[in-house]
Amino acid sequence: MDRELARADDHSWRISLLEVAADGPLPTAPGRTRLLTVVDGPVLGLEVDGQSAVVEPHRPYAVPADAAVVASAPEGAVRALEVVVDPAAVSPFVTVLELGRSSTLPLAGDQAAYVLTGGDARTLVRGPGEVAGRCTVAVVTLEQTG
């Protein structure tokens, strides 16, 4: 199951939450790049054009979105942050950070933060803005390439 969190008006990027509880194909998106980051659960199994890969929690993994991808949850259900971009327009980056009780993380206009733990867990904060307080966040940076 895929739940969209945000999308660019020009459709150059999309951020969604992908829930994988059983084996199944991911939709293709010709000419796009997909960046997957496990944000909840053990590991995400992938078969990409016949090659096996394991995506560990909080470690972004890039795959061409036009590749034939079958996702699996070999050790239990997984939730992954999925960023799909037009690589001619945007380069995506994801970094998982833990913030302390008195921390504030400013977000630029080309950033968004999916809050994993803390008071605002399971919400997406789009920049410009900030995330504050003790929490874990997956920060998505969408750097313009054109």
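## Strands, salt bridges and cores in a predicted model

In the hairpin formed by E5 and E6, where 2 residues lie between the strands, aspartate 49 takes a positive phi near 45°. Like everything described here, this comes from a predicted model, and the report moves from this hairpin to a sheet, then to charged pairs, and finally to the nonpolar cores.

**Strand E5 and its partners**

Strand E5 covers residues 44-48, and because 4 of its 5 residues are buried, the strand is largely enclosed by the rest of the structure. Strand E6, residues 51-55, runs antiparallel to E5 and is joined to it by 5 bridges; within this pairing, glutamate 47 has serine 52 of E6 as its bridge partner. E5 is also joined to strand E8, residues 69-72, this time by 4 bridges and again in an antiparallel arrangement. Here the bridge partner of leucine 46 is alanine 71 in E8.

**An open sheet of four strands**

Elsewhere in the model, 4 strands form an open sheet in the order E10-E15-E12-E13, with antiparallel pairing. Strand E10 (90-99) and strand E13 (124-126) stand at the edges of this sheet with a single partner strand each, so one side of each is left without a neighbour in the sheet. From one strand to the next, the twist averages 20°. Strand E12, residues 111-117, and strand E15, residues 135-144, run antiparallel and are joined by 6 bridges, and threonine 117 stands opposite threonine 136 in E15.

**Charged side chains**

Side chains of opposite charge can pair when their charged atoms come close. How many salt bridges does a search of the whole structure find? The search finds 8, and the table lists some of them with the distance from N to O.

| Salt bridge | Distance, N to O |
|---|---|
| Aspartate 2 and arginine 14 | 3.3 Å |
| Glutamate 82 and arginine 14 | 3.6 Å |
| Arginine 79 and aspartate 40 | 3.0 Å |

In the salt bridge between aspartate 2 and arginine 14, the side chains meet at 3.3 Å, N to O. This pair links distant parts of the chain, since aspartate 2 belongs to strand E1 (residues 2-7) and arginine 14 to strand E2 (residues 13-20), 12 residues apart. Is arginine 14 buried or exposed? Arginine 14 has a relative accessible area of 18% and is therefore buried, the cut-off for this class being under 20%. Aspartate 2, by contrast, has a relative accessible area of 34%, which means that it is partly exposed. The side chains of these two residues are also joined by a polar contact of 3.3 Å.

Arginine 14 meets a further acidic side chain, that of glutamate 82, in a salt bridge of 3.6 Å, N to O. Because glutamate 82 lies in strand E9 (residues 78-85) and arginine 14 in strand E2, this pair ties together parts that are 68 residues apart in sequence. Glutamate 82 is buried, with a relative accessible area of 2%. Leaving aside neighbours within four places in sequence, the residues in contact with arginine 14 are Asp2, Glu4, Ala6, Arg7, Glu82, Val83 and Val84.

The remaining pair in the table joins arginine 79 and aspartate 40 at 3.0 Å, N to O. It too links distant parts of the chain, with arginine 79 in strand E9 and aspartate 40 in strand E4 (residues 33-40), 39 residues apart. Arginine 79 counts as buried at 13% relative accessibility, whereas aspartate 40 is partly exposed, with a relative accessible area of 38%. Through salt bridges that share partners, Asp2, Arg14, Arg34 and Glu82 are joined into one network.

**Two nonpolar cores**

Which residues have the most contacts inside the largest nonpolar core? They are Trp13, Ile15, Val39, Leu81, Val83, Val140 and Leu142, in a core of 19 residues. At least two residues of this core are supplied by each of E2, E4, E9, E10, E12 and E15. Isoleucine 15, not counting residues up to four places away in sequence, touches Glu4, Leu5, Ala6, Leu81, Glu82, Val83, Ala112, Val140 and Leu142. Apart from this core lies another, of 17 residues, among them Val38, Leu46, Ala53 and Ala71. Leu46 and Ala71 have already appeared above, as bridge partners in the pairing of E5 and E8.

Definitions and conventions:
Residues numbered from 1 in each chain as written. Predicted model: local features only at pLDDT ≥ 70, side-chain atom pairs only at ≥ 80, totals over all residues. Heavy atoms only, no water. Buried < 20%, exposed > 50% of the residue type's maximum accessible area, 1.4 Å probe, protein only. Pairing = 2+ DSSP bridges. Axes fitted to C-alpha atoms, helices over the stretch in contact; angles between N-to-C directions. Salt bridge = Lys/Arg side-chain N within 4 Å of Asp/Glu carboxyl O. Core = buried A, V, L, I, M, F, W, Y, C linked by side-chain atoms within 4.5 Å. Contact = heavy atoms within 4.5 Å. Polar contact = N/O pair within 3.5 Å; in protein donor to acceptor, adjacent residues only side chain to side chain.
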